[in-house]
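Colleague: I would like a close look at a single part of this model, the place where the two chains meet. Please walk me through the chains as well, in plain words.

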Amino acid sequence: MRSPLSKRNAERNCERDCARSCACIRVRVCRAACALIVACASSASNATWQFDVDAGSLYDSNLTRAYEPADIRADAAFTLDAAAGSFWALSGSDGLTLTADARTEAYHRFHGLNVLGIGASGVYKHKFGVGYAAPWIALTVAGGHDDYRGDIRDSHRLDLRAELGKRFAPEFDAAFGGRYDRRYARNDEPVVPGISGKVFDLHGQSVYARAGYAITERLLLGVELSARRGDVVATTRPDFDIFVVSDAIAADPTFGPGFFAYRLRGTTDTAKISASWALDQQSSLNVTYVEERTDAAGGVYYRSHSANLVYAWRY
Amino acid sequence: MRAVLLYATLALAVGVVRAQTAEITASVTDDQGRPVEDAVVVAVPIDGRARVPPRAREGIVDQVDQEFVPKVTAVLVGTPVRFPNHDNVRHQVYSFSPAKRFELPLYAGSPAEPVVFDKPGVVVLGCNIHDWMIGYVYVSESPYFAKTGKDGKALLADLPPRAYTLRVWHPQQDAGEDTTRKTVDAARGGPAAVAWTLKLKREAKVRRAPIGEGRTRY
């Protein structure tokens, strides 16, 4: 039988090895990114710069992702996203877009959710043929860091996505894909001995399908359905039913002194509808409505609705 | 005295030539009375005799700001057309139209060889990199054609004086080109006018404007 001390040492060694391997992966990813940037810079004369700015507001009916009505909190926020990137036509069928972006969200009531994020992404797209109707595949790698006013949510993000799509007519296109999302929490503030405090250390896998139809030359309607299986976070007042099925718990003062964030396994079904009104070739007004339903461990079930109004501009 | 005679003869000759040409002013509006730009008006002599130019001129369809410029180009059948690219990004221009199928592999600058449009009809242009890019080459079997400007008017000048069948084509035209046929007798020379009112449908074009992502994360 192992003594508690040797068990602790083994855990420490394991953590050290894990940290080393993470650092090694980070170095490799950085090297690969540098090589890609150098390769692309060599053909910079064929690159097109892109600048995007999205400014708007959002409203969320259940920011806490709570299932008890008394714990549900809603709020509205101002949002601003800015991105600069470059597109390379690698061949007649292949394109690569590298983008750096920054975003911020400022909430009206719950200032702990205010965030400043920076990130980068790479999208490789391949068309299986010539013409707008040729099917295509797009592979996306995105990463970033989000710095929240409430430290519990500070995290690095990694998002991998593979999407297959086709335009069936100039007005109608559809796509489906799979996504892996990983969020690495920076702060570990456990409140229960033996249970992790890294509530926002999350990962999940999703599948989704989306379609867009341009009703007129200016108005584009979109619909997206997705299902995600993975970690979810619900913030409530102390709740035994959630406590017993949580694998990470931390105090979440963003919503008040008595609130705790619980990490659970769950499945989230999301339906999104959107309308985009083109103001001209470079800008649009966009309205999006999202409904989420999450069925988590221990019979925890919650819903949330959110709506966005965004002005999008591209140069 | 000789010089006066020479000038008089020349003036007479020019007058005779002018009297032997006709011009037709075409006017195209939509069903709400607005002028229609980029409509191609074609005049075909009813007797089938056309004064074919000795050599067809070269056409140019440019690519500027990821759009075809001009959007509509009208050329005589057999005309070579060049596709210079003035963007920083490369383009891959193609067409699947029966009147001319071609594909210019990804290029920057100007391709070495022009594309010869050797069959009459409408050729729809696209770019495989930028799906929203769309352009049209109208290949006319008659040497007498013109494109309407922003005022919806086109001038067919220097026509041999005879009767013509005129028709009009536009990318957004709801009815077929054949339904627009009109006969104009310009046998006496001088100016004539013809007008069309077209019902336009929405353009079959992929939208270029951005779409706001509307992200929510926390």
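Modeller: Start with the contacts inside chain A. Take those between residues at least 6 apart in sequence: 57% of them join residues at least 24 apart. Keep in mind that this is a predicted model. Chain A has 315 residues, and 26% of them count as buried. Its elements are two helices and 13 strands.

Some of those strands can be followed pair by pair. As a general point, strands of a sheet pair through backbone hydrogen bonds, and they do so either parallel or antiparallel. In chain A, strand E3 covers residues 94-107 and strand E4 covers residues 115-127. The two run antiparallel, and twelve bridges join them. For one position in that pairing, look at Leu96(A). Its bridge partner in E4(A) is Tyr124(A).

E4(A) also pairs with strand E5 of chain A, residues 136-148. The sense is again antiparallel, this time over 13 bridges. Here Gly119(A) stands opposite Gly144(A) in E5(A). So E4(A) has a bridged partner in E3(A) and another in E5(A), by the rule that two strands pair if at least two bridges are found between them.

Now to the part you asked about. The contact between the chains takes 43 residues from chain A and 29 residues from chain B. On the chain A side, six elements each supply at least two residues: E1 (47-60), E2 (75-89), E4, E11 (260-278), E12 (283-296) and E13 (300-314). E4(A), the strand you have just followed, is one of them. E1(A) gives the most, with seven residues. What kinds of residue make up this side of chain A? There are 16 nonpolar, 18 polar and nine charged residues.

Cross over to chain B. This chain has 218 residues, and buried residues make up 35% of them. One helix and 17 strands are found in chain B. For its contacts between residues at least 6 apart in sequence, 67% join residues at least 24 apart.

The domain assignment splits chain B into two domains. Domain 1 comes in two stretches, 22-50 and 143-202, and domain 2 is 51-141. Their C-alpha centres lie 23 Å apart. The two domains touch: ten residues of domain 1 of chain B are in contact with eleven residues of domain 2 of chain B. On the domain 1 side, strand E2 (40-45) and strand E13 (144-147) of chain B each give two or more residues. That side of domain 1 has eight nonpolar residues, no polar ones and two charged ones.

One sheet of chain B deserves a look too. Five strands form an open sheet, in the order E6-E12-E11-E8-E9 (chain B). The pairing in this sheet is mixed. Its edge strands are E6 (72-76) and E9 (100-103) of chain B, and each pairs on one side only. From one strand to the next, the twist averages 30 degrees.

Within that order, look at the step between E12(B) and E11(B). Strand E11 of chain B spans residues 121-127, and strand E12 of chain B spans residues 134-140. They run antiparallel and are joined by six bridges. At one point along them, Gly126(B) stands opposite Ile134(B) in E12(B).

Terms used:
Residues are numbered from 1 along each chain as its sequence is written. Chains are lettered from A and ligands numbered from 1 in the order in which they are written. This is a predicted model: local features need pLDDT of at least 70, side-chain atom pairs count only at pLDDT 80 or more; totals for chains, interfaces and linings use all residues. Helices (H or I, at least four residues) and strands (E, at least two) are DSSP runs, numbered from the N terminus. A residue is buried if 20 or more other C-beta atoms lie within 10 Å of its own, exposed if 12 or fewer, and partly exposed in between; C-beta atoms are placed from the backbone. Two residues are in contact if their C-beta atoms, placed from the backbone, lie within 7 Å. Ala, Val, Leu, Ile, Met, Phe, Trp, Tyr, Cys and Pro count as nonpolar, Asp, Glu, Lys and Arg as charged, and the others, Gly among them, as polar. Domain bounds come from an automatic or database domain assignment. Axes are lines fitted to C-alpha atoms, for helices over the stretch in contact, and angles run from 0 to 180 degrees between N-to-C directions.
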